[in-house]
Amino acid sequence: MDSEDRIALFLDYENLALGVRDHHGGHAFDFRPIADALAERGRVVVRRAYADWSYFDEDRRMLTRSHVELIEIPQRMGATRKNAADIKMAVDAVELAFERDYLSTFVICTGDSDFTPLVYKLRELNKRVIGVGVEKSTSALLPPACDEFLYYDRLEGVEVPTTAGRRGGRPGRPPAPEVSQPPEPQPAAEEPARDVDTLAVLVAQTVAGLEGGTSGEVTASGLKRTLLRKDPTFSESDYGFRTFGELLRYLAEHNVVELAAGPAKGDPEVSLPERGNREAAFALLRSVVADLAGGGSVALSGLKDQLRRARPDFSEKKLGYRSFLQFCKAAATSGALDLHWSADADDYLLSPRS
């Protein structure tokens, strides 16, 4: 038990409940998916939810069954009531951070950017911070501030309707009468690219950066932490993998990374292939340069397009290089060709090594 993370959970309940009802077709908020996700990350020892509970009668019973402490904020209508709940939640979180040294992780369930300073302060106090929010009602400022951010919509057990209805007004009040008007076309939601090629580039670049910046080996656990620091919303499940280990095995099968026994069972060492793909890519570059140079040299500009004509799937980023120039310099260092700067051409020139 000593090795487990102790988690303190704070729910800005009105933000979550209204976010779910507004963007999930009026469905009620379900606490269970959050509880299950946190159970995989540690032991939740504090559970508190903040709201004016006279507006959330059914939700109050659901949370009580899940052993959540309900903090009542009985204020008047308007922003004063909402600000009182936010301030109380922030004060309690900072107070616990100082008084409970055994708490290692704080989970802030909200999409409100007003909590960003709280997140920064908790991290300054050496606490890990996980955010949870409804995707369409979460401020863009909040996820990058956290160590990890979980979108409620993507948690296991949350059913997102295909057509999300919207409800205006506060909970517990009758909805406003609908005005008959032509339906507006719903544009397709723009989702970030989550294909495996994008994932391979991300992992390869991250491993390359870790190999260049550390003297020790890169482990799977260290790689996952770094990916979350780059993008707190990162999750291998978004790419169709059940676990991070399954993702790494897939990338190893496709020669993006290599896996070896690590310092602990279940935590393999991850590295970029030293041979195979890199040597093949260097050979491709040498061949294309030789064909284009005709006994002379060829400029770096436009050379990548020539490589892609010969091999459409070529990508230096899959090999861990951040730029095409870095890839060409590595090829020159390996002896595949010569590379030098030409002031006359105002460009790098490449030529086959004699």
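Biologist: Which residues of the largest nonpolar core touch the most other members?
Modeller: This is a predicted model. Its largest nonpolar core holds 30 residues. Those touching the most other members are Leu11, Tyr13, Phe29, Phe31 and Ile34.

Biologist: Which elements give two or more residues to this core?
Modeller: Both strands and helices do. The helices are H1 (13-23), H2 (32-39) and H3. The strands are E1 (6-12), E2 (43-51), E4 (105-109) and E5 (128-133).

Biologist: How many residues does the other core have?
Modeller: This core lies apart from the largest one. Among its members are Ala8, Phe115, Val119 and Leu122. Its count is 24 residues.

Biologist: Is aspartate 59 buried or exposed?
Modeller: Aspartate 59 is found in helix H3 (residues 57-65). Leaving out residues up to four places away in sequence, aspartate 59 touches Tyr13 and Arg21. Its relative accessibility is 6%. Buried means under 20%, so aspartate 59 counts as buried.

Biologist: Are H9 and H10 roughly parallel or roughly perpendicular?
Modeller: The axes of H9 (residues 277-293) and H10 (residues 303-310) come within 10 Å. They cross at roughly 110°. Angles of 65 to 115 degrees count as roughly perpendicular. Therefore H9 is, relative to H10, roughly perpendicular.

Biologist: How many charged residues does the contact of H9 with H10 have?
Modeller: From H9 come Leu284, Leu285, Val288, Val289 and Leu292. They meet Leu303, Gln306, Leu307 and Ala310 of H10. By class, eight residues are nonpolar and one is polar; the charged ones number zero, that is, no charged residues.

Notes
Residues are numbered from 1 along each chain as its sequence is written. This is a predicted model: local features need pLDDT of at least 70, side-chain atom pairs count only at pLDDT 80 or more; totals for chains, interfaces and linings use all residues. Side-chain values use heavy atoms; hydrogens and water are left out. Helices (H or I, at least four residues) and strands (E, at least two) are DSSP runs, numbered from the N terminus. Buried means under 20% relative accessible area, exposed over 50%, partly exposed in between (1.4 Å probe, protein chains only). Contact means heavy atoms within 4.5 Å. A nonpolar core is a set of buried Ala, Val, Leu, Ile, Met, Phe, Trp, Tyr and Cys residues joined through side-chain atoms within 4.5 Å. Axes are lines fitted to C-alpha atoms, for helices over the stretch in contact, and angles run from 0 to 180 degrees between N-to-C directions. Angles under 35 degrees count as roughly parallel, over 145 as roughly antiparallel, 65 to 115 as roughly perpendicular and the rest as oblique. Ala, Val, Leu, Ile, Met, Phe, Trp, Tyr, Cys and Pro count as nonpolar, Asp, Glu, Lys and Arg as charged, and the others, Gly among them, as polar.
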